[in-house]
Amino acid sequence: MSMPDHRRLQFADFALDIESGGLKRSGRVVALERQPALVLARLVISAGQLVTRDDLAATIWGTGTHVNFEDGLNYCIRQIRAALGDDPKSPQFIETIPRRGYRFIATVTATPEPERRSARAGIVAAGVAAALALIAVAESRPNNHHQIAVALARSLHHAIF
């Protein structure tokens with residue numbers, strides 16, 4: 001099952017931010033080191049599919065690095081299981097496929113991030129409304145154009161930035 005391209009993925013009461021590696025459980029941050037977070041992200045993105053140990057090693061160390069990754073990968077899986085409260089003997093999240101790799105077995109849903117532009121569009125709309133109001137005032141007081149232009153520029157600057 002291939003996951004849609006979203007930044008935040010949810011499973012059970014966990015949320016994983018793919019870009020930052022941030023993990024939350026019921027809204028609270030769950031501490032997870034960088035390498036275990038990379039492994040978790042790779043497994044969650046590939047939910048339902050076998051991810052080989054070699055694929056996971058490439059995720060952590062890249063293909064050009066030559067290290068004994070067995071201990072490092074085992075450490076990462078232990079850290080992930082501890083963070084998720086997962087038992088390898090009766091897993092809810094990570095299934096071990098002996099001598100091959102791992103499979104993420106929980107149901108994963110993608111949560112699209114809210115459009116940040118929509119919030120900015122609201123701010124810009126408010127700035128435009130303020131500008132229109134200032135223009136109306138300017139028309140009633142023709143000698144104050146400079147003061148009104150400065151006030152308009154300041155209000156737009158504060159609204160946008």
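Here are a few exercises on how the strands and helices of this predicted model fit together, each with a worked solution.

**Exercise 1. Work out the strand order of the open sheet, and find which strands sit at its edges.**

Solution. Start with the order: 5 strands line up as β4-β3-β2-β1-β8, with antiparallel pairing. Now look for strands that pair on one side only, and you land on β4 (28–30) and β8 (109–111), the edge strands. As for twist, neighbouring strands of this sheet are turned by 30° against each other on average, if you ignore direction. Finally, zoom in on one pair: β1 (residues 8–11) joins β8 over 3 bridges, in the antiparallel sense. Arg8 is a handy marker there, since the residue opposite is Thr111 in β8.

**Exercise 2. Find which strands helix α3 lies across.**

Solution. Take α3 as residues 69–84 and check the strands in turn: the helix lies across β1, β2 (14–17), β3 (23–25) and β4. Against β3, the helix runs at about 30°.

**Exercise 3. Classify the packing of α1 against α2: roughly parallel, roughly antiparallel, roughly perpendicular or oblique?**

Solution. First get the geometry: α1 (residues 34–45) and α2 (residues 53–61) pack at about 130°, with axes 9 Å apart. Roughly perpendicular covers 65 to 115 degrees and roughly antiparallel needs over 145, so this pair is oblique. The crossing of α1 and α2 is right-handed. Next, list who touches whom: Gln35, Leu38, Val39, Arg42 and Leu43 in α1 meet Asp55, Leu56, Thr59, Ile60 and Trp61 in α2. Sorted by class, that contact has 6 nonpolar, 2 polar and 2 charged residues.

**Exercise 4. Do the same for α1 against α3, and say how many residues of each class the contact holds.**

Solution. Here the angle is about 75° and the axes are 9 Å apart. That falls in the 65 to 115 window, so α1 and α3 are roughly perpendicular. On the α1 side you find Gln35, Pro36, Val39, Leu40 and Leu43; α3 brings Leu73, Tyr75, Cys76, Ile77, Gln79, Ile80 and Leu84. The tally is 10 nonpolar, 2 polar and no charged residues.

**Exercise 5. Trace the pairing partners of β7, and find the turn residue with a positive phi.**

Solution. Put β7 at residues 101–104; β5 (residues 50–52) pairs with β7 over 3 bridges, antiparallel. Within that pair, Val51 has Tyr102 as its bridge partner. Then turn to β6 (residues 94–97), which is joined to β7 by 4 bridges and also runs antiparallel. There, Ile94 stands opposite Phe104. β6 and β7 make a hairpin with 3 residues between them, and Arg99 in the turn has the positive phi, about 60°.

Conventions: Residues numbered from 1 in each chain as written. Predicted model: local features only at pLDDT ≥ 70, side-chain atom pairs only at ≥ 80, totals over all residues. Heavy atoms only, no water. Pairing = 2+ DSSP bridges. Helix = DSSP H or I, 4+ residues; strand = E, 2+ residues; numbered from the N terminus. Axes fitted to C-alpha atoms, helices over the stretch in contact; angles between N-to-C directions. Contact = heavy atoms within 4.5 Å. Parallel < 35°, antiparallel > 145°, perpendicular 65-115°, else oblique. Left-handed = near helix turned anticlockwise from the far one by under 90°. Nonpolar A, V, L, I, M, F, W, Y, C, P; charged D, E, K, R; others polar.
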